[in-house]
Amino acid sequence: MLNLQHSARAGPACRSRATTRKLCVSVSAAGSTYGNNFRVTTFGESHGKGVGCVIDGVPPRLAITEDEIQLELDRRKPGQSIITTPRKEDDIAEILSGVVDGVTLGTPIAIVVRNKDQKSQDYSEMSVAYRPSHADATYDFKYGIRAVAGGGRSSARETIGRVAAGAVAKKLLKVIGDTEILAYVSKVRDIGCSVDNGAFTLEDVESNIVRCPDQAAAQKMIDAINEVRTRGESCGGEVTCVVRRCPKGLGSPVFDKLEAELAKAMLSLPATKGFEIGSGFAGAAMVGSEHNDEFYIDEQGRVRTRTNRSGGVQGGLSNGEDIVIRVAFKPTSTIGIKQNTVTRDGQATELRARGRHDPCVVPRAVPMVESMVALVLADQLLQHYAQCELLPRDGAVGADPTVTRQFAHGRA
Ligand SMILES: C=C(O[C@@H]1CC(C(=O)O)=C[C@@H](OP(=O)(O)O)[C@H]1O)C(=O)O
C-alpha cells in the first residue's frame, strides 16, 4: 500500500487522510542498485559505521588489488585540499569477498570503508529545520524519517561505493579493450578552460588541486572557489569526461541507449543538474550538414568519423570514437549564510548551516564521474558479449577486430 501525499507537509505530524490518496502497488527494491550484468549496490550512511558496495557479475580471473581501488578512493576522499570539505577520512578500502590473491572469483565482491571522523553535533539545527535545496526536505516527504547527521545517503560520502566499484569496472575495460576513462574540471562558475580532449593525461588532471589540465585556468578556478569559501558561500561547475578506445557497439536499443544510460548515471551523482554529450545543446542551433560526422576508412581499415559532434555515440551505440560528455554541478546547498526555511513541524525560521562542506564539489566529482562512466560501460560490455559475440560475424567492415579477436582468443 502506497500513500501519495499532495501536501508539502510531511513526517509523522502529517497523517491527514483528507490529503492522502491510497494506491495498491507492489513496492520494488528501491534505488541503490545500478546495472543488469555488472551489478553494483552501494550501502551506508555518512555518519553510520561505514559505506561501501557489493558488485555482482564481475567476470572471474580479473586481476584487481586493494591498491588499485585505493588509488581511486584517494582522489575522491574528503580533506585532500583547502578547496574541499575539511572532514578528515583516510577512506581505506577493505575487500571482504570475491577476490583471492588479487584475482576475482566471479562471486560477489564486497568492499567496505569504515567512517571515522563524524561530527554529528554539527547537525543539531538541521534536525529541526530543512537546509534549502538539500535532500533534507524531500527525504522526509518521501520516507517520513531521515538520517539527519551527515545527510545519511544523500551525502556525497555515498559515492565511495561507486568509486570503489568503478575501479574494478575501469580495470575490466582496460584489460578487454585498453579503454581509458579520464575526466577533468572544465568550468568553475563562469571560468572555462582550454584543454585538448584528445591529448590530456591523468598526470595533467592531477597536477593541481582543482583537477583542470589548463594550469592558468586552474589557478583562476582555485581563486574563485577560495573566494566563495571564505564568505561561507558555495559555487558550481562542470566536469568533462572523455572515453578513449571504447569498444564499438556498446549500448542497447531502445530504452538502454548508451547516452540514456550515461545521462542516468551522471544525474544520479549528488548535486548534478545537467548532462550533455558531443555537441549537446549547441547542436540544436546547427543544420544537418554542419552537424553530421562524415565517415572514412582509416589506415587500419576501420570505419571512423572525421568530426565527433556525436560524442562517440550514434543510434544509442558507441561508434568507436572518443565518448565526450559534460556534467553540470550546482553550488553545494549547505552554506554558512543565513537563509529562510521551515522547520519539520511547519514553522518559518532561518538557518545558517554549520559543519564541514565542500565550497564546490567539482574537484572531487572528477573520480565520481569517471567511475559512473566505467560502471555504465562495464555493464554494457557484458551485455554486448552475452548477446552479440557468440556467433561468427560475416566480416563487415564495422566489426571491432581488436575486441572481438581478444575475446575469441580468451586473452581477457
Ligand atoms: C564526508 C564527505 O563529504 C561530505 C559531504 C556532505 C554532504 O552533505 O554531501 C557533507 C559533509 O559531511 P560531514 O558534515 O559529515 O563532514 C561532507 O564532508 C565525503 O564525501 O566523504
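In the predicted model, an open sheet is built from 5 strands with antiparallel pairing, in the order β3-β4-β5-β9-β6. Strands here are DSSP runs of E with at least two residues, helices are runs of H or I with at least four residues, and both are numbered from the N terminus; two strands are taken to pair if DSSP finds at least two bridges between them. The edges of the sheet are occupied by β3 (33-34) and β6 (94-97), each of which has a single partner strand, so one side of each is left without a neighbour in the sheet. The partner strand β4 (residues 39-44) runs antiparallel to β3 and is joined to β3 by 2 bridges. Thr-33 has Thr-41 in β4 as its bridge partner.

The model is predicted, and local features require pLDDT of at least 70, side-chain atom pairs count only at pLDDT 80 or more, and totals for chains, interfaces and linings use all residues. Residues are numbered from 1 along each chain as its sequence is written, while side-chain values use heavy atoms, with hydrogens and water left out.

Strand β17 (residues 323-329) is mostly covered, with 6 of its 7 residues buried, where buried denotes under 20% relative accessible area, exposed over 50% and partly exposed in between (1.4 Å probe, protein chains only). Antiparallel pairing links β17 to strand β11 (residues 237-244) over 7 bridges, and Glu-238 lies opposite Ala-328 of β17. Strand β12 (residues 272-277) also runs antiparallel to β17, joined by 5 bridges; in this pairing Thr-272 faces Phe-329 of β17.

Helix α2 (residues 135-143) contains the buried residues Ala-135, Asp-136, Ala-137 and Asp-140. Gly-144, just after α2, adopts a positive phi of about 75 degrees.

The ligand is surrounded by 14 residues, of which His-47, Arg-76, Arg-87, Tyr-123 and Arg-157 come nearest; a residue is near if one of its heavy atoms lies within 4 Å of the molecule. The shell comprises 3 nonpolar, 6 polar and 5 charged residues, with Ala, Val, Leu, Ile, Met, Phe, Trp, Tyr, Cys and Pro counted as nonpolar, Asp, Glu, Lys and Arg as charged, and the others, Gly among them, as polar. An N or O atom in the side chain of Arg-157 is 2.8 Å from an oxygen atom of the ligand. Polar side-chain atoms of Thr-85 and Arg-364 lie 2.9 Å and 3.0 Å, respectively, from an oxygen atom of the ligand. Taken alone, the ligand exposes 460 Å², of which the protein buries 94%; accessible areas come from the Shrake-Rupley method with a 1.4 Å probe.

Terms used
A polar contact is a pair of N or O atoms within 3.5 Å; within protein, one must be able to donate a hydrogen and the other to accept it, and residues adjacent in sequence count only if both atoms are side-chain atoms.
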